[in-house]
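Biologist: I should like to understand the terms used for this model before I rely on them. Could we take them one at a time, beginning with contact?

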Amino acid sequence: MATAATTHSHDHGHGHDDHHDLGFWQKYIFSQDHKVIGIQYGITGLAFLFLGFCLMMIMRWQLANPGVPVPFIGPALQKLFPAIFSSDPNNHPGMLTADGYNILGAMHGTIMVFFGVVPVAVAAFGNYVMPLQVGAPDMAFPKLNMASYWTFFVSCVIMLSSFFVAGGPAKSGWTSYPPLSVISDSGPNVHPFFNGQTIWLLGMVFNITGSLLGSINTIATCIQLRAPGMTWMRLPFFCWTQLVTAFLLLLAFPPLEAAGFMQLMDRAFGTSFFIPTGLMVGGHLTHWSGGGSPLLWQHLFWFLAHPEVYVLILPAIGMVGEIIANNTRKPLYGYKAMVGAIFVLGFLSFVVWAHHMYMTGMGAKVSGFFQTTTVMISIPSVILVTALLLSLWGGSIRFTTPMLFATTFLPMFGIGGLTGIPLAFNSTDLYLHDTYYVIGHFHYVVAPGTIFAIFAGVYYWYPKACGRMMNDVLGRIHFWFSIIFINGIFFPMFLQGIAGVHRRWYDGGLTYDPIIKPVLHWNNFMSVSAFLLGATQLIFIFNFFYSIFRGRRVPNDNPWDATTLEWDTPTPPGHGNFTKPITVYRGPYEYSVPGADKDFTPQSEPPKSDKPAAASTPALAH
Amino acid sequence: MEIPHTVTPRPDTGLYNAKLAIWLFLASEVMLFGGLFSAYVFLRMGADDGYWPHGLLDVPVGTLNTILLIISSVCVVLAWASLKMRRWRQYQLFLGSAVALGTVFLVIKLSYEWNDKFHHFGTFIKKEKWSQYDQYLGNDYLAKKGLAPRPEITGHLHEVEVKVAPEKKAQLETLIKDRGLEISKSEEDGKALSIKVKGPSDAEALRNEPGVTIEAFEMALDEMYANPTDPKYDRPGFWKRHLSEKVATIKAEDVDSWSAFVPKHSSFLAIYYAITGLHGLHILGGLVMFVYFLFFDRALYLRNPEHMANRIEVVGLYWHFVDLVWIFVFPVFYLL
Amino acid sequence: MSELKHSESSEPAPASEQQVREVEKHMKKYVLIGGVQAIMVLIAVTVAVNVSASLQVLATLIVTCINGLVIALILMHLKEEKQTIWKFLIFTAIFFFILFFLTYLARTDLISQTVHNHH
């Protein structure tokens, strides 16, 4: 049915004309350029990572010193956030209340996952690097890209505003389980609509919408805008991870959006989607019609939230892959197996969600299904880590700062993954569910895992974006202190968890003192590590901004001697990215090719005329 | 700077960018409505016997709406075909018809269907009191026939009996005056005050009024409750529930929950409003896009008619999807 | 190319005779399909009203699915699209069914039954 009447023009994209000068607002604020948008996501995301970290530091103060007001800033905090802090029995302000601890816990989780890691790892790096790596002039839909950032920005504003409403922000966990989440933030002292939980839901709806628009863009760009010669098997590994991540976001987020609407309706219109019949609150029968199910929320929530954790890890693995290939001066081992593993991982991630729900009274068939799929999903994860590890074998390893972070990712992610195994079986999960063991497990994957990969990515691609290198000495100090302190925070969590310390006790376990006494002292150790880790990040923040102005200038467009296309652009890349038409002649990791004159051959370098290239001609081969 | 493949398809995929994007978007929409449909399945399977209402929706009206949407879908694809043939007037005619049909769909849904429900009233009787109200519920007869019981009495609310604390009496009188209500029976020695209401929203106002307790409801019954043992009511009716002449008084202490047919009435209505509401918003979004392409995009047609045709194709795909969702919503909610 | 920019206000070139005939053939097909769908909706209603309660769900859903496939394949041109879209949509369909099956299972397979089975 494609009876195309003749078009009289060539492909005129609706990208704006670069003949006229864009004003300040269109160039830096409402930009449609993927690089500017990537940086916008990056700055916003890093700011939220910092905020989430601060929330955590307050929580850790409480855990180490229950009932003691926060020092120095305590009074100010209480003035600003009366719902979170109150005065202790001796009238010293700045003590974290029980509700306040729940608030910080819920917001720390929400902010880190949806406003920190995903915007930085997926949106910032994806937007900046991926179009460059496929050889495209920009993303497929620049206007849509701009819309998705600003939708995300609106969600940030909404989420932050919840700190300043009566009753404070959401306090029912980042998981927002009903009935608690439906009845919380209601009553005489709280506004019927402008309250923490409702605002949380609204913020999530906008966040999800921005995410969906962005993932459509990513997939379309990856499929449609690859440069001539960029066949699927020549795609850099990072692009593969971004592609699969985008699919996970596209398909997994909508059920949570649906569930978010339903919880909003429960709160605003009194429906009973998640309220069971005969619910009693505070000893009184509530007036809801009932007939709903709290389990329904859990299913819909975890249907997203499990693929979400793979969204958190896949771009990280992608970045680590790029950096390892570059710093070992050899191709990635098992590239094809890794690509296959990512697809299998992506698919399986949709059918494991109820392993977060083993304690909800499910029967043997259901739990058997989920235990099986959960154990199966460890296989592609192991393939990925093993292939990356094997990529180090026989390489000429340069321990640049990005490489330090990238190689450390491997054992850290390994610990995170291995500690997940007892959680996969409902027999052992029976004991470990909702303990600090779980917190240790997932933080190992995300904190010394993904966040280290993000650091690696920042150090690695910073020269391309800024034209200057970040300070190497400061980078190494940042690395060594971070790795020590981060393990100091999270390793003892396994010990506490196995002893039975629950994950949401606001007093650090004091109430259960006799039972968990042997492990209680770790709270102090972990909190001190957390503060020292925070102090270490100041080095990174300083380095980041200082190097923009005083960093060592890059010697050329390709300071790392890398092979992928993003290094083929001017530094920083201009509008349209490439100064000449790009054609791809070879795979992404042609390092140390026998007989070549350099130890790396860029993807876009034409083959020498006397050596007929094995690569196919620059037609659009599939 | 041009983005490749905005209009001309890329040879190895056979797609232009926007077409891939809309299919991706539609996939996410499948998951969105799928999430809501799975909620429907979950809620319906978990409902106690008799607590999932049937026959609350007007099937003939729903059928009409379905057919309107089908015709509008055909109009959109004909509009696209007209653009391919470069017939602008014809394109405008077809797209305009689609807009008109879509608007009629929304008007019927909101001003007739939903509006009618907001004025309908229902009380869920407590299980232990069913025998007292058996003349309306007919549960003994249903049990003998092996059919699910009826837990609810529905109809149109006429009067509400309230008891009010003496210090709040003045406030209540202000409320009655503000809402234009009538008092039919005054309080005499501890007996309750009887207020004629215009609709269930007045009862809600009374419920929320401090110091006022509702004692009883007087309502005109739907015909099924006037004659509950009539075999024609064994299977749910597909026509609008008509009111009978019979009036019943139901004591508030015998009632579990009561409300108009609004979202909070039952899980069925909650999921019904959620899905049809979200679907309605999607229709509205589509109509906005159509109006833009009808009146504000002629410049693109003159500059690059193929690009314009692609846009209509893409928006047409979205519209077909919205129609497709309704094709599933209609039988699931109206017929099953 | 610049001459075309100046003559922006003129109508685009009309489609050729042969193209018009092709498109018109398809237009007739669409109207027919629309009629078929309307009939199917009526069939669905009739079926639902008259069939026994146990068959109701299955029969209605079958008619609905056929209706849906007609829209998707013909009106949305799915049967003419290339493999890329097909593969991807089939993937989505699989997820969809897994979701529903697990929903059903979550409601029917409860721990009380597991405990009961072992006695």
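Modeller: Two residues are in contact if their C-beta atoms, placed from the backbone, lie within 7 Å. The model is a predicted one. By that cut-off, the buried residues of α7(B) pack against β1 (121-125), β2 (152-164), β5 (212-222) and β7 (255-260) of chain B.

Biologist: What makes P200(B), A203(B) and L206(B) buried?

Modeller: A residue is buried if 20 or more other C-beta atoms lie within 10 Å of its own. P200(B), A203(B) and L206(B), in helix α7 (residues 200-208) of chain B, are classed as buried, so each of them meets that cut-off.

Biologist: Why are the buried residues of α7(B) said to line one face of the helix?

Modeller: Viewed down the axis of α7(B), the buried residues fall within an arc of 110 degrees, so they line one face. In general, an α-helix has 3.6 residues a turn, so residues three or four places apart point the same way.

Biologist: How do you know that chain A touches chain B?

Modeller: With the 7 Å cut-off between C-beta atoms, 48 residues of chain A are in contact with 44 residues of chain B. On the chain A side, α7 (196-224), α8 (237-269) and α9 (294-328) each supply at least two residues. The most comes from α8(A), with eleven residues.

Biologist: What is the make-up by class of the side of chain A that touches chain B?

Modeller: That side of chain A has 25 nonpolar, 19 polar and four charged residues.

Biologist: Which elements of chain C give two or more residues to the side that touches chain B?

Modeller: In this contact, 41 residues of chain C meet 39 residues of chain B. The elements in question are α2 (17-50), α3 (53-75) and α4 (83-108) of chain C. The largest share, 15 residues, comes from α2(C). By class, this side of chain C divides into 25 nonpolar, 13 polar and three charged residues.

Biologist: Why is chain A described as having domain 1 and domain 2?

Modeller: Because the bounds come from an automatic or database domain assignment, the description follows that record: domain 1 is 28-187 + 196-221 and domain 2 is 231-275 + 288-386. The C-alpha centres of these domains of chain A lie 20 Å apart. Their contact takes 29 residues from domain 1 of chain A and 32 residues from domain 2 of chain A.

Biologist: What does α7(A) give to the side of domain 1 of chain A that touches domain 2 of chain A?

Modeller: The largest share, twelve residues, comes from α7(A). The residues of that side of domain 1 of chain A divide into 20 nonpolar, nine polar and no charged.

Key. Residues numbered from 1 in each chain as written. Chains lettered and ligands numbered in written order. Predicted model: local features only at pLDDT ≥ 70, side-chain atom pairs only at ≥ 80, totals over all residues. Helix = DSSP H or I, 4+ residues; strand = E, 2+ residues; numbered from the N terminus. Nonpolar A, V, L, I, M, F, W, Y, C, P; charged D, E, K, R; others polar. Buried ≥ 20, exposed ≤ 12 C-beta atoms within 10 Å, placed from the backbone. Arc of directions from axis to C-beta.
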